[in-house]
Every structure is written in structure tokens, then in C-alpha cells.
Amino acid sequence: MKRSIRIDFHAHILPGLDHGCEDVGVACRQLELAAQQKIDVVVATSHFYPHLHTVESYLRKRTEAMQALKMQWKVYQSMVPSSKAERQSAPKVLAGAEVLACAGIERMEGLQRLCIEGTRVLLLELPFAKQQEAALIASVCRIQQECGIQVVLAHAERYSYRTVMELVEAGILVQLNTASICSLRKNRLCRQYRKAGCVAALGSDIHGIDKKYRSFAKALKRLGGAAEEIMKRTEQLLLQNGGRDEEGKCDCTGI
Ligand SMILES: [Fe+2]
């Protein structure tokens with residue numbers, strides 16, 4: 001039976017955009033680790049902080065980083081003695097962002113441009129618990145309900161169940177970090193979200209060259225058929241929100 005497409009929905013792999021990847025060499029090594037775990041698509045979700053960045057400057061830097069990675073990845077693949085199978089399974093990279101929510105963010109000019117390229121899907125994270133006041137939650141719900149954007153909440157297991165379910169009620173979907181699925185304590189909440197049927201994506205949330213892709217593989221193994229179901233849902237999420245090529249396949253520009 002053909003396995004479903006394997007998508008890492010949350011990864012800090014773009015060089016120089018945030019603390020997740022210091023240079024293009026690290027980015028290539030991260031992609032190689034993803035390839036070893038047979039990941040087909042990596043969504044590059046560098047941090048976007050509305051109090052520090054403008055959409056324009058962020059997107060300019062992101063385009064430069066994507067181009068640098070594209071060029072260096074070709075060189076890297078020709079130099080690193082990886083197997084033919086690994087070279088063939090080199091993941092496609094989609095440009096996205098991990099946007100930090102704040103009250104009023106739904107009115108930020110250009111918010112839609114931070115969606116995963118070619119789609120209307122936005123990965124959003126919440127600030128630390130104490131700042132999750134009602135105005136912030138209301139803003140996140142308005143993005144979902146009034147801006148024509150499908151919001152996916154990053155690493156939902158970090159927040160309170162009550163807050164997450166309030167967002168889910170508004171139509172927001174949830175991404176879980178695979179390292180949390182491998183953790184006895186954090187997996188309890190992950191299970192609850194899976195049971196609630198709101199999990200639409202899994203992410204490594206890789207920063208640097210850490211062990212996150214090992215956790216990714218371990219989590220997929222642990223979840224078994226449920227992982228396949230989530231991956232199919234992620235693909236549908238991208239397809240139904242614009243990430244479709246002329247042949248109707250899941251596609252964005254990517255590298
Ligand atoms: Fe992240």
C-alpha cells in the first residue's frame with residue numbers, strides 16, 4: 001500500500017531568519033536529516049514577531065534565504081555521499097512562517113502573505129500563558145472567521161486545553177510537535193487533541209541540528225495508522241486552501 005505524503009509542518013530551517021538555523025550549511029544538514037526520515041515536504045516556518053518585523057522585510061529575507069538554500073542544497077547533494085534513495089527523497093521546502101499572535105493582529109497589513117506559500121493556511125503561535133488575555137484570543141478567532149485564512153495553532157500541547165478548545169470551536173486547527181508525542185507527560189494532552197479530532201498537522205519544530213527528526217520518526221511509529229490519517233489531513237488542508245497545481249496535486253512553488 002502506498003504511504004501518504006509525509007509533511008513536517010513546522011521547521012526552523014531557513015538560514016539567518018531566526019535562531020533555528022545559523023547558516024546555509026546547517027540548513028542543508030537539517031534537510032538531509034529530514035530526507036533520512038523520508039519526509040517529502042518541509043514547511044519552513046521561521047519566527048515572525050509582529051513587534052520586531054515588518055511583513056515586507058521578513059518576506060524579502062525569506063526569499064533570499066530560500067534562494068540561498070536552493071543553490072547550496074544542489075551543491076551539498078553533489079558533495080555528500082548520500083545514497084541514491086536519499087537523494088531521490090530530498091524533501092521539497094515550502095515557505096511559511098510561525099507568526100506570534102498579539103491582540104489586533106487580524107488588522108496587520110499583509111498578514112495573508114505570511115500564509116504557507118500558495119495557500120491560505122497560517123501557522124500561528126500564542127505568547128506565554130499569562131499574556132493569553134481575551135483580546136488576544138478574540139483576535140486569533142477573527143483571523144479565522146473574518147480574514148479568509150485557515151489558522152493552524154502551532155504546538156497546541158503547550159497551551160491550556162481550555163484555550164485551545166476555545167480556538168478549535170472557532171474553526172482553528174491544531175499542529176502537534178512530534179517530540180511531545182514521544183514524551184510521556186506531554187503526550188497526554190496530544191492524545192486529548194487527537195481524540196477531539198482537531199489535529200491537522202505534525203511538526204518537528206527543529207532548531208539547529210538537534211534530535212527532532214529522530215523524534216519525528218519515533219512519533220510516526222508510535223502513532224501508526226493515526227499518523228497516516230494526520231498526514232492525509234495535512235495534505236488535504238493544503239489542497240483545499242489553494243496549494244494545488246494544474247494536475248490537482250499538492251504543490252506550491254517550493255524548492
Ligand atoms: Fe517553532
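Trainee: How many bridges join strand E5 to strand E6?

Mentor: Happy to start there, keeping in mind that this is a predicted model. Strand E5 covers residues 98-100 and strand E6 covers residues 121-125, and the two run parallel. Within this pair, Glu98 stands opposite Leu123. The number of bridges joining E5 to E6 is three.

Trainee: Which strands are the edge strands of the open sheet?

Mentor: Try reading along the strand order, which is E3-E5-E6-E7-E8-E9 with parallel pairing. An edge strand here pairs on one side only. That description fits strand E3 (47-48) and strand E9 (199-203).

Trainee: What angle does the direction of helix H4 make with that of E7?

Mentor: Helix H4, residues 134-146, packs on the sheet and touches both E6 and E7. Strand E7 spans residues 150-153. The angle between the directions of H4 and E7 is about 140°.

Trainee: Which residues coordinate the iron ion, and at what distances?

Mentor: Good one, as Glu98 comes back here as a donor through OE. Both His10 and His12 donate through NE2, and Asp205 through OD. So the ligands are His10, His12, Glu98 and Asp205, at 2.1 to 2.4 Å.

Trainee: How many residues apart in sequence are the parts that His10 and Glu98 tie together?

Mentor: His10 lies in strand E1 (residues 7-12), whereas Glu98 lies in strand E5. His10 and Glu98 are buried. Because the two sit in these separate strands, the pair ties together parts whose separation in sequence is 88 residues.

Trainee: Which helix gives the most residues to the largest nonpolar core?

Mentor: That core has 86 residues, and Phe9, Leu114 and Tyr213 are among those touching the most other members. The top contribution, eight residues, comes from residues 55-79, namely helix H2.

Key. Residues numbered from 1 in each chain as written. Predicted model: local features only at pLDDT ≥ 70, side-chain atom pairs only at ≥ 80, totals over all residues. Heavy atoms only, no water. Pairing = 2+ DSSP bridges. Helix = DSSP H or I, 4+ residues; strand = E, 2+ residues; numbered from the N terminus. Contact = heavy atoms within 4.5 Å. Axes fitted to C-alpha atoms, helices over the stretch in contact; angles between N-to-C directions. Core = buried A, V, L, I, M, F, W, Y, C linked by side-chain atoms within 4.5 Å. Buried < 20%, exposed > 50% of the residue type's maximum accessible area, 1.4 Å probe, protein only. Donors = N, O, S within 2.8 Å, 3.2 Å for Na, K, Ca; no water.
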